[in-house]
Amino acid sequence: MIRLLRQFARLTRRTDGLIIVLGLLLTYLLIQLYGSGLQAAVNEQPAPPAAAEAPRDQEAEPAAARGVPRGEAAVRFLMYNTQNYFVEADVARSQHTRRIKTLQERELVADTVAEVRPDVVGLVEMGGPAALDDLAERLAKRGLVYKNRRVLTRWGEDRALAILSRYPIVEDHSQAECRLVGQTNRRMLRGILDVTISAPGKKSERRFRIVGVHLKSRVGDNPSAAQALRAREARTLVEHVQQVMQRKPNEPLLIFGDWNDGPGDAALSVMTQPRGSRFTLRRLSPVDSRGEGWTLYYKNGNEYCTFDQIYVNSELSRRMGRKSEMGVISNEKRRGASDHRAVWCDMR
């Protein structure tokens with residue numbers, strides 16, 4: 001201001017200098033009067049739209065926003081056909097002759113399960129409650145304690161489906177007497193095992209619905225009739241699973257089983273239909289260390305087959321992603337444990 005006054009004194013000596021001084025004073029006053037208001041107006045201007053506000057498709061949405069457990073520990077699931085794990089203490093449920101599994105074979109089965117140290121084990125061809133307890137005791141000696149157990153038995157069939165779990169089994173909707181679709185009296189040979197596991201999470205529990213089946217084998221005098229029965233059993237299972245997903249579409253669901261058919265067989269085509277809907281099932285494709293996915297060498301057909309398969313619903317598939325850990329355990333080191341190979345995957 002002082003500098004301006006000095007300039008004023010010098011410039012007033014000339015007429016045209018007065019005009020310049022007045023202009024300078026007017027500029028100074030305008031800056032003082034409106035300067036702060038202009039700065040505030042600049043500060044109040046809306047920020048440019050954030051990248052997150054741009055149109056997004058569902059796949060590009062962050063995992064946390066879609067409810068995917070980020071940073072949660074995987075829950076490892078293993079399925080294993082133990083090839084007639086019969087023990088003396090189980091009561092026979094059919095007229096067929098049972099061969100009791102030797103102690104050495106039982107130890108080999110336990111070694112196979114312990115190789116990947118699963119949290120949940122889905123079992124096929126267990127003899128019954130005593131057989132399940134026998135295996136659980138052998139696994140406990142290997143540091144794997146499964147306090148939560150379920151076994152699904154049915155009169156007329158000695159082979160049972162079973163579950164061993166480190167985590168609580170909070171629901172059991174298993175059906176031993178499951179009527180076949182389109183039939184009045186006929187039932188699925190081994191029923192449908194259906195339980196819900198509650199695993200711990202960082203913020204809350206995580207529930208996983210686990211369903212297990214064992215479809216009609218290929219052994220018999222009439223292969224066509226056996227194939228037709230497997231197809232009907234698969235349709236019965238799909239109907240059961242569709243009802244589950246309609247009631248709880250956001251619940252992760254895994255289906256394991258010995259299907260006695262491969263992925264390309266007609267009986268299992270119903271498992272992945274309809275494609276593109278929220279109720280679509282995805283078949284996992286685990287492989288062993290050599291990149292091979294077969295689970296059984298079928299002597300009668302002289303071929304390697306993928307009879308042991310795992311399917312997941314769209315919710316669990318989304319959570320697992322395309323890079324989820326999974327595999328097939330080679331039984332070369334444990335010949336005699338079972339004629340099947342065990343399959344495992346990590347659930348999230």
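Cys345 has a relative accessible area of 0% in this predicted model, so this residue is buried, the cut-off being under 20%. Leaving aside its neighbours within four places in sequence, Cys345 is in contact with Val75, Arg76, Phe77, Leu254, Leu284, Ile310, Met320, Glu325 and Met326. Cys345 is also one of the residues that touch the most other members of the largest nonpolar core, a set of 28 residues. Phe77, Ile210, Leu254, Phe256, Ile310 and Met347 are named with Cys345 in that group. Strand 6 (residues 193-199) gives the most to this core, with 4 residues. Apart from this core lies another one, of 26 residues, including Leu108, Val113, Ala114 and Ala342. In soluble globular proteins, nonpolar side chains tend to be buried together.

A second cysteine, Cys178, has a relative accessibility of 5% and therefore counts as buried. How many disulfides does the structure hold? The number is 0. A disulfide is a covalent bond between the sulfur atoms of two cysteines.

**The protein as a whole**

The protein has 348 residues, and buried residues make up 45% of them. Its secondary structure comes to 6 helices and 14 strands. Among contacts between residues at least 6 apart in sequence, 71% join residues at least 24 apart. One pair of residues can be followed in both sequence and space. Gln183 and Arg232 are 49 residues apart in sequence, while their C-alpha atoms are 9.4 Å apart. Gln183 lies in the loop between strand 5 (169-172) and strand 6.

**The sheet**

Six strands form an open sheet with mixed pairing, in the order 3-4-2-1-14-13. Strand 3 (148-154) and strand 13 (326-328) stand at the edges; each has a single partner strand, so one side of each is left without a neighbour in the sheet. From one strand to the next, the twist averages 15°. Strands of a sheet pair through backbone hydrogen bonds, either parallel or antiparallel.

In which sense do strand 1 and strand 2 pair? Strand 1 (residues 75-85) and strand 2 (residues 120-126) pair in the parallel sense, over 6 bridges. Within this pairing, Val120 in strand 2 is the bridge partner of Phe77. Phe77 appeared above as a contact of Cys345.

Strand 3 and strand 4 run antiparallel and are joined by 6 bridges. Here Val151 stands opposite Ala162 in strand 4. The hairpin of these strands has 2 residues between them, and Gly156 in the hairpin takes a positive phi near 100°.

Positive phi values also occur at two residues that are not glycine. Gln83 has a phi near 55°, and its place is in strand 1. Glu125 has a phi of about 65° and lies in strand 2. The table gives the accessibility of these two residues and of others discussed here.

| Residue | Relative accessible area | Class |
|---|---|---|
| Cys345 | 0% | buried |
| Cys178 | 5% | buried |
| Glu125 | 10% | buried |
| Gln183 | 22% | partly exposed |
| Gln83 | 28% | partly exposed |

Glu125, at 10%, is under the 20% cut-off and therefore counts as buried. Gln83, at 28%, lies between the cut-offs of 20% and 50%, so this residue is partly exposed.

**Helices on the sheet**

Helix 3 (residues 103-114) lies across strand 1 and strand 2, and its direction runs at about 165° to strand 1. Helix 4 (residues 129-140) also packs on the sheet, where it touches strand 1, strand 2, strand 3 and strand 4 (157-165). The direction of helix 4 makes about 150° with that of strand 3.

The length of helix 4 can be checked by simple arithmetic. At 1.5 Å a residue, its 12 residues should span 16 Å, counting one less than the number of residues. The end C-alpha atoms of helix 4 are 16 Å apart, which agrees.

Which residues of helix 4 are buried? They are Ala131, Leu132, Asp134, Leu135, Ala136, Arg138 and Leu139. What covers them includes helix 3 as well as strand 1, strand 2, strand 3 and strand 4.

Note on methods:
Residues are numbered from 1 along each chain as its sequence is written. This is a predicted model: local features need pLDDT of at least 70, side-chain atom pairs count only at pLDDT 80 or more; totals for chains, interfaces and linings use all residues. Side-chain values use heavy atoms; hydrogens and water are left out. Two strands pair if DSSP finds at least two bridges between them. Axes are lines fitted to C-alpha atoms, for helices over the stretch in contact, and angles run from 0 to 180 degrees between N-to-C directions. Contact means heavy atoms within 4.5 Å. A nonpolar core is a set of buried Ala, Val, Leu, Ile, Met, Phe, Trp, Tyr and Cys residues joined through side-chain atoms within 4.5 Å. Buried means under 20% relative accessible area, exposed over 50%, partly exposed in between (1.4 Å probe, protein chains only). A disulfide is a pair of cysteine sulfur atoms within 2.5 Å.
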